[in-house]
Amino acid sequence: MHESARDTVEAKPQRGTAAEGDARAEEGVWRSDLPIDLAALGPVRVRLDMRGDDLRIDLDTGSVDIAGQLRAGGDRLKSTLREHGFEQVQLRVTTKSSVDE
């Protein structure tokens, strides 16, 4: 019997304020770190930083091949997000040895 693959996501949303002690935190910025494990891609760490209509997405994976696939779909993702109301969309894809740090 073949075991079915499962996708998992763990969300840690934060609203940044200088009073929280995070030097990077800014008033009006929403941040979320999402370690996800997708059956088709494996583990990917997603960080979202949103300020008003501007969105920055950082994707980090342990695989050069998966990073290439994510980069290849980057323009389509940014275009779709702009169509849904984001003025500026930045996407950065990095490869590290472990995304579970």
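Asp49 lies in strand 4 of this predicted model. Its relative accessibility is 17%; because the cut-off for a buried residue is under 20%, Asp49 counts as buried. The side chain of Asp49 forms a polar contact of 3.3 Å with the side chain of Arg47. When residues up to four places away in sequence are set aside, Asp49 touches Trp30, Arg31, Asp54, Leu55 and Arg56.

The strand that holds Asp49 has a partner in strand 3. Strand 3 spans residues 29–38 and strand 4 spans residues 42–51; the two run antiparallel and are joined by 10 bridges. Within this pairing, Leu34 has Val46 of strand 4 as its bridge partner. Three residues separate strand 3 from strand 4, and the two strands form a hairpin.

Strand 4 also meets helix 1, as the buried residues of this helix pack against strand 4, strand 5 (54–61), helix 2 (74–83) and strand 6 (88–95). Helix 1 comprises residues 64–72, and its buried residues are Ile66, Ala67 and Leu70. Ile66, Ala67 and Leu70 lie on the same side of helix 1 because they cover an arc of only 105° around the axis. On the face turned away from this buried side, helix 1 carries Val64, Asp65 and Ala72, which are exposed.

The N-terminal end of helix 1 is capped by Ser63. Here a side-chain oxygen of Ser63 lies 3.2 Å from the backbone nitrogen of Asp65, one of the exposed residues named above.

Conventions:
Residues numbered from 1 in each chain as written. Predicted model: local features only at pLDDT ≥ 70, side-chain atom pairs only at ≥ 80, totals over all residues. Heavy atoms only, no water. Pairing = 2+ DSSP bridges. Helix = DSSP H or I, 4+ residues; strand = E, 2+ residues; numbered from the N terminus. Buried < 20%, exposed > 50% of the residue type's maximum accessible area, 1.4 Å probe, protein only. Arc of directions from axis to C-beta. Contact = heavy atoms within 4.5 Å. Polar contact = N/O pair within 3.5 Å; in protein donor to acceptor, adjacent residues only side chain to side chain.
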